[in-house]
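Please open the model in your viewer and keep the selection panel at hand, since each stop below begins with something to select.

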Amino acid sequence: MLFNSIDFAIFLPIVFSLYWLLKRTRSQNILILISSYVFYGWWDYRFLALIALSTLIDFNLGKSIAKSSDQKKRKLYLYLSVFANLGILGFFKYWNFFIDNFKSAFTFFGSELDFGYMDIVLPVGISFYTFQTMSYTIDVYRRKMEPTRDIISFGAFVSFFPQLVAGPIERATNLLPQFKVERKFNYAQAVDGMRQILWGLFKKMVIADNCAVFVNIIFADPDAYSASTLVLGAVFFAFQIYGDFSGYSDIAIGTSRLFGFKLMQNFAYPYFSRDMAEFWRRWHISLSTWFRDYLYIPLGGSRGSQFMAIRNIFIIFIVSGFWHGANWTFIVWGGLNALFFVPLFIFNQNRKNLIPIQTRFLMPSFRDAISILITFGLTLLAWIFFRSDSVQDAFHYISLIFSVSLFSMPDIDNFSGALLSLGFIGIMLFAEWTGRTYLHPLEEMRWCRPRWSRWAVYIMLIAAIGLFMQTEETPFIYFQF
Amino acid sequence: MKRFLKISVVFTIVAMMGYFVLVFVTRSFFPSNYAYLVNVPYVPSGQGHLKARIDDIQQFSDIDILVIGSSHAYRGFDPRLFEAHGYSMFNLGSSAQSPIQSYYFLQKYIDQLNPKLVIIEVFPKTFSSDGIESGVDLISNCPMDIQLTEMALGFTNIKPFNSLLYRIADQGVLNHTYPQEHNAGLDHYVSGGYVERQAGNQKSYTIPDSISLKLDKKQLKAFEKTINLLKNKNISFVLVQAPVTKELYHSFRETEPFNKLMSSYGMYYNFNEIELLQDSVLFYDSDHLNQRGTEKFNKILFDTLSDEIP
């Protein structure tokens, strides 16, 4: 079920009403579990078995880890959990990629391998829920939390429908305890949740989906366009992926708030970052911190020699890229981001911009503005790899940008549509800039008086969605990851 | 919780009103050349002459033949040629009319027109379409009623919904009227629902190598309802696939299953299999017959159907 569908618009109020009619926490958890399975099964009920399997494995292994005092056994149970989750993920997501590369390698050395591809459907959200459930067994192993003995709570934690298919990837230490405490309806939280959902829908349906139209055309045949159009295509993709993914996160977080849950912030206005280190503290925060806590730090983090620290940086960026998809483009994208990050690390500049930019001023300083533009330019370059079908295509796209037509007007059909999309991007950036100290830009609306002025803004956003959305339901990009 | 529900209900009502106003204001603000940028494809008295047809239909009742279908219907069945043989005809075709709209038209006009025979023009592409283009044409030009509203909402698509809102504001509240010119560009509206275009205006066209005809379940359901409606009223009907250029016809995949399916519903004639109608000079584009083509087609059609017409 897509958040931007009629089905969800009917599903959500029904589940919301039933949920608050139930008085007991356990009954609410049972409802969440059932609703989450319905939500996921709407897409393909066959893969519910995978979620159930993942849930049962980690629920039992979590208990076994906690029960055992033998360190070897504890480690064995942890490895079993990691192996099971990564095994499921590896088979469904990476099987054909590895076969393809093995075959290429063997062909290069003159021999042929005769085992083949499999017709595998990638289950939606598999990368998200396997990482979420792994965080549970790892944290139990690290004695950061006690294992749960309540299978309903644990099942609801793994399959919690607002964030099941595209995150934020929650830590068990944050989300699981919320299933165990009594949840009371909070008017202010619910209203702000609705605001966040609205903002998420606007970013997805108006910004991302309209940008996607131009991105798909330009990236399909870059040779047909001038260099300036290719740059425009890359800019549109930068905002498509931001609108799409951060929009999803906003809807997920907002929906969770309606049910009395608090999820972690996943995006913190990343395009206002002044360097790549800041960008990665603000982009897909739940994944970056997951890799930091469960991969970077166990590898040694920034301790030890500088060489080892740089090696660790490359590892987490490349693994993070590979997490996105079974294609070399994602690996290069990760590697490129590591390359952008490493100089900051070497010169000890990676923690320079820890506080939000110019919170007391309306405009950024000239220096900050230049830093923001340079950082955006670097992300743009990396996004070209992320969006291209192959690494060769990405290099070809970039090579086409370096021509005199870079200084011409973009030459795209439906130029008015492109201008309109740029106008909406401008509105989004303005709203996000003015609301950058809040969790989401509409949060500041709560201070607006009188009420009609707030409502006018909400209604204008609703009308913008209705008038400018693409009319076919478009899945979120991160569903494929 | 009570407060939240109360505010939600009030907000929903206010938002609906606000949305209605903003749809109208935004669509009015965009010049007609740029109207495609907003999801309000409302075009009264547009290319297909549907407004003229709907105004014209009031004069017709108890006819011999009713034609329903897409632009192949209103550009391919000339009532004057049938009148010459002593048969009255009304052509209720409309642009991209899909079975959903055909069913709407039949429900609305079948009792008034009381035809002896209904010719259902079946163009494979309309069976695989979502019907929205034609739906918006009806919303822009047909009288407002419950069935039209039901049809608009039944699409669960924002375009027909917005067009309906705009129509309510434009024609219902502001009383704007859009009389249709009978001569528009190369087209000439002929009483009885037909649109004539003379030969010699052939447009260049490109046709994809292969067009898939994946039939839409909703369209098939509407088509079956149409057939049942006619059967329940004991009205004879024939299914006719009107001629298109041979290049277009041959680009359709799955023509055989479509022909088989249509034959299963009743008497079915596919005029794309007839060599005489495959000359490109009979068409003004890839799809549509010009007047010379229509005359030739209607002659063959009349000879073929003469036994079917009661």
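**Stop one: a helix pair in chain A**

In this predicted model, begin by selecting helix α4 (residues 71–108) of chain A together with helix α5 (residues 126–141) of chain A, which pack at an angle of about 175 degrees with their axes 10 Å apart. Because an angle over 145 degrees counts as roughly antiparallel, α4(A) is described as roughly antiparallel to α5(A). Next, show the side chains where the helices meet: the α4(A) residues include L78(A), V82(A), L86(A), L89(A) and F92(A), while those from α5(A) include I126(A), F131(A), M134(A), I138(A) and Y141(A). Coloured by class, the residues of this contact divide into 12 nonpolar, 7 polar and 3 charged.

**Stop two: where the chains meet**

Now display both chains and select their shared boundary, where 25 residues of chain A are in contact with 25 residues of chain B. Chain A and chain B bury about 2200 Å² between them, with 79% of that area on carbon and sulfur atoms. On the chain A side, pick out Y187(A), W455(A) and L467(A), which lose the most area to chain B and together account for 30% of what that side buries.

**Stop three: a pocket**

Finally, turn to the second largest pocket, whose volume is about 780 Å³. To find its centre, select Q47(B), S71(B), S95(B), A96(B) and E133(B), the closest to that point of the 34 residues that line this pocket. Which helix gives the most to the lining of the second largest pocket? Select α7(B), which gives the most, with 6 residues, and then add α3 (71–74) and α6 (124–127) of chain B, each of which supplies at least two lining residues. By class, the lining has 9 nonpolar, 15 polar and 10 charged residues.

Terms used. Residues numbered from 1 in each chain as written. Chains lettered and ligands numbered in written order. Predicted model: local features only at pLDDT ≥ 70, side-chain atom pairs only at ≥ 80, totals over all residues. Heavy atoms only, no water. Axes fitted to C-alpha atoms, helices over the stretch in contact; angles between N-to-C directions. Helix = DSSP H or I, 4+ residues; strand = E, 2+ residues; numbered from the N terminus. Parallel < 35°, antiparallel > 145°, perpendicular 65-115°, else oblique. Contact = heavy atoms within 4.5 Å. Nonpolar A, V, L, I, M, F, W, Y, C, P; charged D, E, K, R; others polar. 1 Å grid on protein atoms, 1.4 Å probe; cavity = no way out; pocket = protein on both sides within 12 Å on 5 of 7 lines; lining within 4 Å. Points joined across faces, edges and corners; volume = space filled by probe spheres on them. Buried area = accessible area lost by both parts, 1.4 Å probe.
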